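Trainee: I'd like a close look at one part of this model: the charged side chains. Could you walk me through them and what surrounds them?

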Amino acid sequence: FISDMSHQMKTPLSSICMYTDLLLEEDITPAERQEFLLRIKACAEKLQWLMNSLVKMSRLEVGAIVLSPVPASIKQTISDSISNVYAAAAKKGISIHTAYFEDVLLLHDRKWTCEAMVNILENAVKYSKPNSEINIALESMPLYTKISVTDYGIGISPDEWNAIFKRFYRGKNAKATDGAGLGLYLASLIFEKQGGYILVDSKPGQYTTFSMF
């Protein structure tokens with residue numbers, strides 16, 4: 001855990017130190033100063049996100065956070081989740097489509113289920129090609145309700161389908177994209193705490209579908 005944490009924190013901390021040193025030099029232009037400050041801000045935000053994720057993760061793991069599932073509209077939860085990633089999707093020209101479905105009352109903790117779904121959707125946006133689309137569908141089943149999120153990005157190799165839900169794991173073809181390997185772990189933990197689970201189906205270079213039950 002300490003090794004993983006050190007690796008995740010090393011790059012943003014090194015960048016903050018480097019850009020701070022550059023800011024202390026006297027011969028930089030106002031434009032350079034602004035650029036260095038923006039880069040420091042981005043690194044600090046990444047560290048803050050990492051710390052927040054670790055706090056949530058540890059509190060969920062030890063049971064310090066108790067989820068409270070109650071019957072609630074799943075359509076509203078899905079809508080709230082999409083709202084959280086809409087700007088990032090629009091920036092890449094990605095459209096998010098939700099297939100029509102009759103709203104149902106599902107036993108779930110809206111706040112935490114929304115957080116888990118946002119993690120899934122953020123990954124879908126992050127690893128999708130520009131100007132592509134993400135499809136969301138809901139299917140009622142005898143024991144569960146299945147919510148599927150499909151993107152048409154880089155995909156995940158079948159031999160990694162179990163590993164991607166482990167803490168700090170990064171897929172082989174995701175190394176070039178910024179990330180900490182915590183989003184899917186947190187999402188699966190949140191669903192597990194509510195008696196649910198997540199499955200993945202993917203074909204590298206074609207599509208990835210995360211199904212939340």
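Mentor: Here's the overall layout, followed by the charged side chains and then their surroundings.

Some ground rules before we dig in. This is a predicted model, where local features need pLDDT of at least 70 and side-chain atom pairs count only at pLDDT 80 or more, while totals for chains, interfaces and linings use all residues. Residues are numbered from 1 along each chain as its sequence is written, and side-chain values use heavy atoms, with hydrogens and water left out.

Now the layout. The chain has five helices and seven strands. Those are DSSP runs numbered from the N terminus, with helices being H or I over at least four residues and strands being E over at least two. Going along the sequence, you read α-α-β-α-β-β-α-β-β-α-β-β. The C-alpha atoms fill a box of roughly 70 × 40 × 35 Å along the principal axes. Of the 213 residues in the chain, 43% are buried. Here buried means under 20% relative accessible area, exposed means over 50%, and partly exposed is in between, using a 1.4 Å probe and protein chains only.

On to the pairs. Side chains of opposite charge can pair when their charged atoms come close. The call used here is a salt bridge: a side-chain nitrogen of Lys or Arg within 4 Å of a carboxyl oxygen of Asp or Glu. Searching the whole structure turns up four salt bridges, and I'll take you through some of them.

Start with K41 and E45, whose side chains meet at 2.6 Å, N to O. They sit four residues apart in helix α2, which means about one helical turn separates them. K41 is partly exposed at 48% relative accessible area, and E45 is partly exposed as well, at 42%. E45 also has a neighbor from elsewhere in the sequence to look at: P12 is 33 residues away along the chain, yet the two C-alpha atoms are 9.4 Å apart.

Next, K56 and E115 make a salt bridge at 2.7 Å, N to O. K56 is in helix α2 and E115 is in helix α4, so this pair ties together parts that are 59 residues apart in sequence. The two ends differ in cover: K56 is partly exposed at 27%, whereas E115 counts as buried at 19%.

Another one to find is E139 with K146, at 3.6 Å, N to O. E139 is partly exposed, at 40% relative accessibility.

Not every charged residue has a partner like that. D21, E25, E26, D27 and E32 form a negative surface patch. Patches are built from residues with over 30% relative accessible area and no salt bridge, joining like charges within 9 Å and nonpolar side chains (Val, Leu, Ile, Met, Phe, Trp, Tyr) within 5 Å. For the signs, Asp and Glu count as negative and Lys and Arg as positive, with His and the chain ends not counted. Each charge is placed at NZ of Lys, CZ of Arg, CG of Asp or CD of Glu. From that patch, D21 lies in helix α1, which spans residues 2–23, and D21 counts as partly exposed at 48% relative accessibility.

For contrast, have a look at the nonpolar side of things. M141, L143, Y144, Y197 and L199 make a nonpolar surface patch with about 490 Å² of accessible area together. That area comes from the Shrake-Rupley method with a 1.4 Å probe, and for residues only the protein chains shown count as cover. L199 belongs to strand β6 and is partly exposed at 45%.

Finally, the inside. The largest nonpolar core holds 45 residues, and I78 and F210 touch the most other members. Elements giving two or more residues to this core include α2 (30–62) and α4 (110–126), and α4 gives the most, with nine residues. Such a core is a set of buried Ala, Val, Leu, Ile, Met, Phe, Trp, Tyr and Cys residues joined through side-chain atoms within 4.5 Å. So α2 and α4, the helices that hold K56 and E115, both turn up among the contributors to that core.
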